[in-house]
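Subject: A structure for you to look at

Hi there,

I'm passing on the structure I promised, and I hope you enjoy looking around in it. Please open it first, then read on with it beside you.

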Amino acid sequence: FVEKPAENVVAVAGSDVTFVAKVDSSSLMRKPTMKWLKGKWLDLGSKAGKHLQFKETYDRNTKVRIYTYEMKIVKVVAGDAGGYRCEVTSKDKCDSSTFEITVEVLYAVCFYKRRDAGEDEGDLDFSALLKKRAEKTEPEIDVWELLKSAHPSEYEKIAFQYGITDLRGMLKRLKKMKEVQKPSEAFLKRLESCYSVEKGKKIVMSCEVLDPNVQVKWLKNGQEIKPSAKYVMEAVGNVRTLTINKSNLSDDAAYECVVGDDKCSTEVYVKEPPITITKLMDDYHVVVGERVEFEIEVSEEGAHVMWSDQELIKDKESTKYRFKKDGKKHTLIIQEATLDDAGMYHAWTNGGHTKGELEVEEKELEVLQDIADLTVRATDQAMFKCEVSDDKVTGKWFKDGVEVLPSERIKMTHVGRFHRLIIEDVKPEDAGDYTFVPDGYALSLSAKLNFLEIKIDYVPRQDPPKIHLDTTGNMVSQNTIIVVAGNKLRLDVEITGEPAPTVVWSKGEEAITATEGRVRVESRKDLSCFVIEGAERADEGNYNICVTNPAGEDKAMIFVKIVDVPDPPENVKCTAVGEDCATIVWEPPKFDGGVPIKGYLMERKKKGSSRWTKLNFDVYESTTYEAKRMIEGVLYEMRVFAVNSIGLSQPSLNSKPFMPIAPTSEPTRLTVHDVTDSTCSLRWLAPEKIGAGGLDGYVIEYCKEGATEWVAANTDLCEKQGFVVRGLPVGEKINFRVVAVNIAGRSPPATLSQPVTIREVVEHPKIRLPRELRTKYIRKVGEKINLTIPFQGKPHPVAAWFKDGQPVDPKMVNVRNTNVDSILFIRSAEREHSGTYELVLKIENMEDRASINIRIIEKPGPPLNVRVTDVWGFNAALEWEPPKDDGNTEITGYTIQKADMKTKEWFTVYEHNRRTNCTVSDLIMGNEYMFRVYSENLCGLSEEPRFSKNTAVIPKTGGTLKQPSYKEKDMACAPKFTQPLVDRSVVAGYSTAISCAVRGFPKPKIVWMKNRMIIGEDPKFLMQNNQGVLTLNIRKPGTFDAGKYSCMAVNDLGQDEVECKLDVRDETVPQSPHMFQPLAGLLNSKIVPNSAQFLC
């Protein structure tokens, strides 16, 4: 960033505010990408519109490539307050800047806008204003102050009480608030405050340290990161880099770079990619009443999908539409399609859109049972009955073309698909043609009623009435019937008696007389039917049937028991949590549905998610359940279903959110490092399991042998993995233990296997001389010498250094002694530092000694007295003497070179020649040679050679050659390109070259141009001329390097020019290899200087 937005901006509600950021892209190959974010991940680019406006500009007239980005908030509202971040990225480079917006509301002239209102829904919301007046102001509670003053064991309780979801982040910020930031002594440049990366991409974090040789450690959530293919750690000079490849959601954490006791930290945020639709929506063609399921699949589970059509948003609360989620599948269900449901349906995710069309046709009505002609006698019952295919179709009855209206004697019923016309006590005027016409269909069903008049003289017979109950079917015991709630009960009771008895049904004292409705009584000849449609719990009870006629009376009682699914369980809550588990308890439902509870089914989900996960598929009988395989540090919610023999209850209310978290495991490898008369030094390693609760520190406790009361040795938590317990009684046997502490509490203790006796132990001094120092220690002049010699002994020994029997000179050698080692340091070694160094370690009258032979070497001097001793044929013999200065080490060889006195170009004859003489062969007749010799040791060749005092002359033999005279041909010609430039298409970022060939004498001057502009001394371009073959190398071209390139050749006789077009493609997929022309050698019949040419 060249210019960042202001860190804190105060805006007045209703005014406009603009934020400007400028980015320098001079070092970038591509245009950078800018994102404006609110909070942690909310990308404001998708909210662009009337309220949020974005602008991007680029000034082409300036030499520095600077992009200007603007974000304008029009008419600021209270909801715009909060933290924002602008993030610029280009390939693997990233930079970000954070800023805060505070909105001041002028209540004297202020209106409110609903949070769920859109951009075009107006600015006024008087209901919110009235609601705000009615609200009682409660005193605000500062959660930060609560956390500062609370004990660590109360943190989780406070998080649950005040709805804190990011407890880990708040505790880290709280810890930083408590700490006073000190100026860093180890870092020149710290890590950025935060880094963001998309899931699956690479992220690079870097910082600069003061000491280029220092070793650093990288931590993730307090645990050290080991180098691997995923985590790559690099150290280049003062820069320390951590690269995370193929990042995932588990990499969203806090990272630290530690140098000794100093450290710097940062946060990494991993963004999930947009949700795409992998399976598109299909079109549907159905008839009225059919079920429709629009199904799509998305790329991630638990994704949010928005459905809509013309009326879907209005009817979303009704039962007509149902939305179903199953993993990656999302389904919109229309239970019974109507003609109004036809249209286009859409589904959106944040990364995709699909649509499907629904066509609905009218359903044809089928006649399943037609009306039959009837012939009845006087006072008998006539019933016309028909059945159609649709149970929702209504209709009308007609007699001889006139609509039949219901009366006490004429009744019309519609039950399911059956339509009935019942005429009681048939009379002669009832005879005629009867027709049923369904509403909305061009269809009619007709039948004829014939009246049969018969006169019979008889004597009426009288029989007492009798009720004949059927004890089979739904009866589980005598006179008891069990009905599942929602089902239909139809009880047909046979009645006998003469004359026909009168039937009365009653529940308690209330008689049931209705012949229509949900609870009704239907009467037929010799049969009484008691019907309950969709049985409910209130229908349970004793039902009485009483039949009477002049001959007598009969009664019966029937108990109807309604069974149902149970009520939901109550008071679901979490009583205990562990590292990856939680204990859930609940109370049984108040109503068990009339049958015993078989058990329970449990489900859980992450808070904020809508996807529930089943925890058991077999019924669980107890009311206490331990949920396992949970992620530590994540908020969960639970719900429970009750199960009986009828079915599954509705889910219980969600439990309060809870978070699995556990103390760490015990510290490991607890050992005693040192013991004195009053102190004991302990050391240990971090626990193997730390978890999401992190590690706050350690508590060290001790007690005397045989005692049970443990005493804390430290008042504040110890953050290091070592501690010195002081003030211990001399000679006592003491037990020690160490406990790790985090937000969840104390870990199990790590205890020493046996007590420690508090007494100083005398130990003989012993020098642990490293293996590489037991032989001669050789270093070059100017190198640094840093020798660390560990030793042991109690009490602490006294170390002293000697060189060649004399104490070391502190002006030449630096010595630093500790309780466990001694360091000998020479910043820049010189020859006089060579010698035998002796370390003497003393404890009272005991001592130990160790010697180190240090030799400082450098390059040798040149050899002495180099001379040619003999010459014969084509050979020459050389001899010399070893150098006077061998560089403080033995001479390993010599390098001999020769040179012709004419050309004086030196050529190596021998390398690593160990003797002080040699024979040089293959010399050319008639030439005179001189020689030089370099001496060589472990440091390399000597700085200067020694030249031979005399030369070697190889005499000629035989006659001399007389050169013929000839007239030189004039080869002068104007420049001419024999091979033109060829158009090229290359990929951005890959170096390329364009070539041509030219002929001309005198040698022409070559000028390269781009778009008719001369290419100067630009390091991006390399121009070469090899025997007339001209090449222009372009290093890693970008899209701005495309254009027309031309080459011009000029001499005194004229000029020539060729040009080509270079196209640079901005793509990452490799193209097919470019086919180059084969090498062609164009050589004239007569050799002319600077005119030979080769082309490839």
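Below is a short tour of what turned up, from the whole chain down to single residues.

First, please keep in mind that this is a predicted model.

The overall picture

The protein chain has 1096 residues, and 37% of them are buried. Its secondary structure consists of 88 strands and four helices. Among contacts in the chain with a separation of 6 or more, 62% are between residues 24 or more positions apart. The exposed surface of the chain comes to about 65,300 Å², with 50% of that supplied by carbon and sulfur atoms.

Two open sheets

With that many strands, a couple of sheets make good places to begin. Strands of a sheet pair through backbone hydrogen bonds, either parallel or antiparallel.

One open sheet has five strands in the order β61-β68-β67-β63-β64, and its pairing is mixed. Its edges are β61 (777–780) and β64 (806–807); each has a single partner strand, so one side of each has no neighbour in the sheet. For β61, four bridges lead to β68 (residues 846–857), and the two strands run parallel. If you want a spot to zoom in on, R779 sits opposite I856 of β68.

Another open sheet of five strands, also with mixed pairing, follows the order β79-β86-β85-β81-β82. Here β79 (984–987) and β82 (1013–1014) are the edge strands, and because each has a single partner strand, one side of each is left without a neighbour in the sheet. Within this sheet, β81 (residues 1005–1010) runs antiparallel to β85 (residues 1043–1051), joined to it by six bridges. One pair to look for there is V1007 and its bridge partner in β85, M1048.

Two hairpins

Next come two hairpins. In one of them, β22 (residues 321–326) and β23 (residues 329–334) are antiparallel and share six bridges. D326 faces K329 of β23, and two residues lie between the strands; G327 has a positive phi near 65°.

In the other, β31 (residues 410–415) pairs with β32 (residues 418–423), again antiparallel and over six bridges. V415 has F418 in β32 as its bridge partner. This hairpin has two residues between its strands, and G416 in the turn takes a positive phi of about 65°.

Backbone details in the loops

Most residues other than glycine have a negative phi, and most peptide bonds are trans. With that in mind, a few places deserve a look.

Two cis peptide bonds are on my list. The bond from E498 to P499 is cis, with omega near -5°, and P499 is found in the loop between β38 (489–498) and β39 (502–507). F1001 and P1002 are also joined by a cis peptide bond, with omega about 0°; P1002 belongs to the loop between β80 (992–1001) and β81.

Then there are two residues with a positive phi that are not glycines. D922 has a phi of about 60° and lies in the loop between β73 (917–920) and β74 (928–937). Its relative accessible area is 67%, so D922 counts as exposed. K1036, with a positive phi of about 45°, is in the loop between β84 (1029–1034) and β85. K1036 is partly exposed, because its relative accessible area is 43%.

A buried serine

S681 is part of β52 (residues 680–685). With a relative accessible area of 14%, S681 falls under the 20% cut-off and is therefore buried. What does S681 touch, leaving aside its neighbours within four places in sequence? Its contacts are T671, V672, H673, D674, F723 and V724. The C-alpha atoms of S681 and T671 are 8.8 Å apart, and the two residues are ten positions apart along the chain.

Space inside

Rolling a probe the size of a water molecule over the atoms shows where empty space is left. Here the count is three cavities of 30 Å³ or more, and the largest cavity has a volume of about 50 Å³. Its lining is made up of C94, D95, S96, E192, C194 and Y195. Three of the lining residues are nonpolar, one is polar and two are charged. Both β8 (93–104) and β10 (194–198) supply at least two residues of that lining, with the largest share, three residues, coming from β8.

That's the tour. Happy exploring!

Best wishes

How values were computed
Residues are numbered from 1 along each chain as its sequence is written. This is a predicted model: local features need pLDDT of at least 70, side-chain atom pairs count only at pLDDT 80 or more; totals for chains, interfaces and linings use all residues. Side-chain values use heavy atoms; hydrogens and water are left out. On a 1 Å grid over the protein atoms alone, a cavity is a set of points where a 1.4 Å probe fits but cannot get out, and a pocket is an open set with protein on both sides within 12 Å along at least five of seven lines; lining residues have an atom within 4 Å of a point. Grid points are joined across faces, edges and corners, and a volume is the space filled by probe spheres set on the points. Ala, Val, Leu, Ile, Met, Phe, Trp, Tyr, Cys and Pro count as nonpolar, Asp, Glu, Lys and Arg as charged, and the others, Gly among them, as polar. Two strands pair if DSSP finds at least two bridges between them. Buried means under 20% relative accessible area, exposed over 50%, partly exposed in between (1.4 Å probe, protein chains only). Contact means heavy atoms within 4.5 Å. Accessible areas come from the Shrake-Rupley method with a 1.4 Å probe; for residues, only the protein chains shown count as cover.
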